[in-house]
Amino acid sequence: MEFRYLGNSGFKVSEITFGNWLTHGSQVENDVATQCVRAALDAGISTFDTADVYANTAAETVLGEALKGERRESLEIFTKVFGPTGPKGKNDLGLSRKHIMDSVNGSLRRLQTDYIDLYQAHRYDFETPLEETMQAFADIVRQGKALYIGVSEWTADQLREGHKLSRELGFQLISNQPQYSMLWRVIEAEVVPASEELGVSQIVWSPMAQGVLSGKYQPGQPAPEGSRATDEKGGAKMIQRWMRDDVLQGVQDLKPVAEEAGLSMPQLAVAWVLQNPNVASAIVGASRPEQVADSAAAAGVKLEAEVLKKIDDAIGALAERDPAQTKSPATREA
């Protein structure tokens, strides 16, 4: 496993982060979830990402149980706040001071830890003054409940505003967690340049485009039974945009590229996002332990310029690149 600094800090994370969105507490049984976490640790992954909203807090509980007994100082545990939790009452979501303070204590309890390494604003909250949100984060850092602060899916302008306030309040905003893959490149035009300017790293989610870049979906063929594309509770809606024959054929054209590079299709997809120097880590999930080891092997892989060109030739024209696709809900959605 290779490690990279997160933003303009001395904090290192593993190039591969294990994330439990859509799986722990919902799609897979707890014993399998624990096996996946063990597989991640065995592969050298030390960084784990979750959120209080995943499975309405159950994912944090599962991760806390799975990591129990591990040396805490050797782990980097990330979680997030914004989405609706609990009974989903009027203050059970968003980035108000009340919800942040309630949420961080709940996350610490469920994760069975005294501190969170990186506490992230899961989206931008248009209904709460940014000053209120950032002051709450500053207080959480001073209380020792979180070491660093990050955000997720913030625009370039939102990052600049948040970074400015963080400096004024005496703490570091060091990361952004956006979607990023060969097929979803919306951060490249604005978010990445702004982040490089500010000293903010990307921790990217869905580097395999919800599994499409694994190559298991064939053009003109029904989706395999049990796959995400057939799971109405586990991401079928999100993956739908890529279930077009032109996209699926482009992905099939990547198979000889992966073979020539000596990589599996998932490894090629994960290695591709890690070629971006502003990306500190790629989040991978798994419903089976063997999937973790395969993805983790993408760490440290260097893709030559010729390979990158072949990837662009196959699917570059099919990628979404519109910066306006980086967005947060206009209102809180309870």
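The exercises below work through burial, strand pairing, cores and open spaces in a predicted model.

Residues are numbered from 1 along each chain as its sequence is written. Because the model is predicted, local features need pLDDT of at least 70 and side-chain atom pairs count only at pLDDT 80 or more, while totals for chains, interfaces and linings use all residues; side-chain values use heavy atoms, with hydrogens and water left out.

**Exercise 1. Strand E3 and its partners**

Task: Determine which way the residues of strand E3 point, and find the strands that pair with E3.

Solution:
1. Helices (H or I, at least four residues) and strands (E, at least two) are DSSP runs, numbered from the N terminus. Strand E3 covers residues 16–19.
2. In a regular strand the side chains alternate between the two faces of the sheet. In E3, Ile16 and Phe18 point one way, and Thr17 and Gly19 the other way.
3. All of these E3 residues are buried, where buried means under 20% relative accessible area, exposed over 50%, and partly exposed in between (1.4 Å probe, protein chains only).
4. Two strands pair if DSSP finds at least two bridges between them. E3 pairs with strand E10 (residues 279–284) in the parallel sense over three bridges, and phenylalanine 18 stands opposite valine 284 in E10.
5. E3 also runs parallel to E4, joined by three bridges. Here threonine 17 has threonine 47 of E4 as its bridge partner.

**Exercise 2. Strands E5 and E6**

Task: Find how E5 and E6 pair, and how many residues of E6 are buried.

Solution:
1. Strand E5 (residues 76–81) and E6 are parallel, with four bridges between them.
2. One bridge links valine 81 to alanine 121 in E6.
3. Strand E6 (residues 116–121) has six of its six residues buried, and is thus mostly covered.

**Exercise 3. Helix H10 and the nonpolar cores**

Task: Explain why helix H10 counts as largely enclosed, and state what H10 gives to the largest nonpolar core.

Solution:
1. H10 spans residues 265–274, and ten of the ten are buried, so the helix is largely enclosed by the rest of the structure. Among them are Met265, Gln267, Leu268 and Trp272.
2. A nonpolar core is a set of buried Ala, Val, Leu, Ile, Met, Phe, Trp, Tyr and Cys residues joined through side-chain atoms within 4.5 Å. The largest has 86 residues, and those with the most contacts inside it are Phe48, Tyr119, Val212, Leu213, Leu268 and Ile311.
3. H10 gives the most to this core, with eight residues.
4. A second, separate core has eleven residues, including Val13, Ile174, Trp205 and Ile283.
5. Contact means heavy atoms within 4.5 Å. Leaving out residues up to four places away in sequence, phenylalanine 48 touches Phe18, Leu63 and Ile77, among others.

**Exercise 4. Two buried strand residues**

Task: Place serine 175 and alanine 280, and list some of their contacts.

Solution:
1. Serine 175 is in strand E8 (residues 173–176) and counts as buried because its relative accessibility is 0%.
2. Beyond residues up to four places away in sequence, serine 175 touches residues including Leu6, Leu118, Gly150 and Ile203.
3. Alanine 280 is in strand E10 and counts as buried because its relative accessibility is 1%.
4. Outside its neighbours within four places in sequence, alanine 280 is in contact with residues including Arg4, Val13, Glu15 and Gln202.
5. Alanine 280 and isoleucine 203 are 77 residues apart in sequence, yet 5.8 Å apart in space, C-alpha to C-alpha.

**Exercise 5. Positive phi**

Task: For asparagine 56 and alanine 209, state the loop and decide whether each residue is buried or partly exposed.

Solution:
1. Asparagine 56, not a glycine, has a positive phi near 50°. It lies in the loop between strand E4 (47–49) and helix H2 (58–67).
2. Asparagine 56 is partly exposed, at a relative accessible area of 33%.
3. Alanine 209 also is not a glycine and has a positive phi of about 50°. It lies in the loop between strand E9 (201–204) and helix H7 (236–239).
4. Alanine 209 counts as buried, at 0% relative accessibility.
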